[in-house]
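Me: Hey, got a minute to go through a protein with me? I'll put it up here.

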Amino acid sequence: MAEAVTKRRFTPEAGCPRCTHLDTARRRAVTTRDRSAETDARVLIRAHMNSAHGTVLEADWT
Ligand SMILES: [Zn+2]
C-alpha cells in the first residue's frame, strides 16, 4: 500500500478542477471573512485531497 503524503500546505493539483474550485471558494470565504464558509471549504479540501490525491493535510494546514 502506498504511504500517504502528509502536507502542511495546500497546493491545488494542476489540472484538477475540483481543487481549483475549492481553493477559490476558500479564498473568497477568507476575503469576505465568512468563517463558516471557510470551515466548510477547509473540510471539503481536506477530504478531497485525501480521497482524490492521496494527500493528508495536517490539521492546521494553510
Ligand atoms: Zn484535486
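Me: Let's start with Gly 15. Is Gly 15 buried or exposed?
Reply: Gly 15 counts as exposed, because there are 7 C-beta neighbours inside 10 Å and the cut-off for exposed is 12 or fewer. Keep in mind that this is a predicted model.

Me: Ok, and where is Gly 15 in the fold?
Reply: Gly 15 sits in the loop between β1 (5-7) and α1.

Me: How far is Gly 15 from Val 56 in space?
Reply: Their C-alpha atoms are 19 Å apart, while in sequence the two residues are 41 residues apart.

Me: Let's zoom out. How many helices and strands does the protein have?
Reply: The protein has two helices and two strands. Going along the sequence, the pattern is β-α-α-β.

Me: And how compact is that?
Reply: The radius of gyration is 12 Å, and the globule rule gives 11 Å for 62 residues. Those values are close, so the protein is as compact as a globular protein of that length. The C-alpha trace spans about 40 × 25 × 15 Å along its principal axes.

Me: What share of the residues counts as buried?
Reply: Of the 62 residues, 10% count as buried.

Me: What about contacts between residues 24 or more positions apart?
Reply: They make up 56% of the contacts with a separation of 6 or more.

Me: Now the helices. How do α1 and α2 sit relative to each other?
Reply: Helix α1 covers residues 17-31 and helix α2 covers residues 35-53. Their axes come within 8 Å and cross at roughly 160°. α1 and α2 are therefore roughly antiparallel to each other, and α1 passes α2 in a left-handed crossing.

Me: Which residues make that contact?
Reply: On α1 they include Leu 22, Ala 25 and Val 30, and on α2 they include Ala 41, Leu 44 and Ile 45. Arg 18 and Arg 26 of α1 take part too, as do Glu 38 and Arg 42 of α2.

Me: What's the mix of types in there?
Reply: The residues of the contact divide into nine nonpolar, one polar and four charged.

Me: Ala 52 is part of the contact as well, right? Buried or exposed?
Reply: Ala 52 of α2 is one of the contact residues. Ala 52 is exposed, because 12 other C-beta atoms lie within 10 Å and exposed means 12 or fewer.

Me: How far is Ala 52 from Phe 10?
Reply: Their C-alpha atoms are separated by 14 Å, with their positions 42 residues apart along the chain.

Me: Last one: what's up with phi of Arg 33?
Reply: Phi of Arg 33 is near 55°, a positive value in a residue other than glycine. Most residues other than glycine have a negative phi.

Me: And where is Arg 33?
Reply: Arg 33 is in the loop between α1 and α2. Arg 33 counts as exposed, because there are 8 C-beta neighbours inside 10 Å.

Methods. Residues numbered from 1 in each chain as written. Predicted model: local features only at pLDDT ≥ 70, side-chain atom pairs only at ≥ 80, totals over all residues. Helix = DSSP H or I, 4+ residues; strand = E, 2+ residues; numbered from the N terminus. Rg over C-alpha atoms; globule rule 2.2 N^0.38 Å. Buried ≥ 20, exposed ≤ 12 C-beta atoms within 10 Å, placed from the backbone. Contact = placed C-beta atoms within 7 Å. Axes fitted to C-alpha atoms, helices over the stretch in contact; angles between N-to-C directions. Parallel < 35°, antiparallel > 145°, perpendicular 65-115°, else oblique. Left-handed = near helix turned anticlockwise from the far one by under 90°. Nonpolar A, V, L, I, M, F, W, Y, C, P; charged D, E, K, R; others polar.
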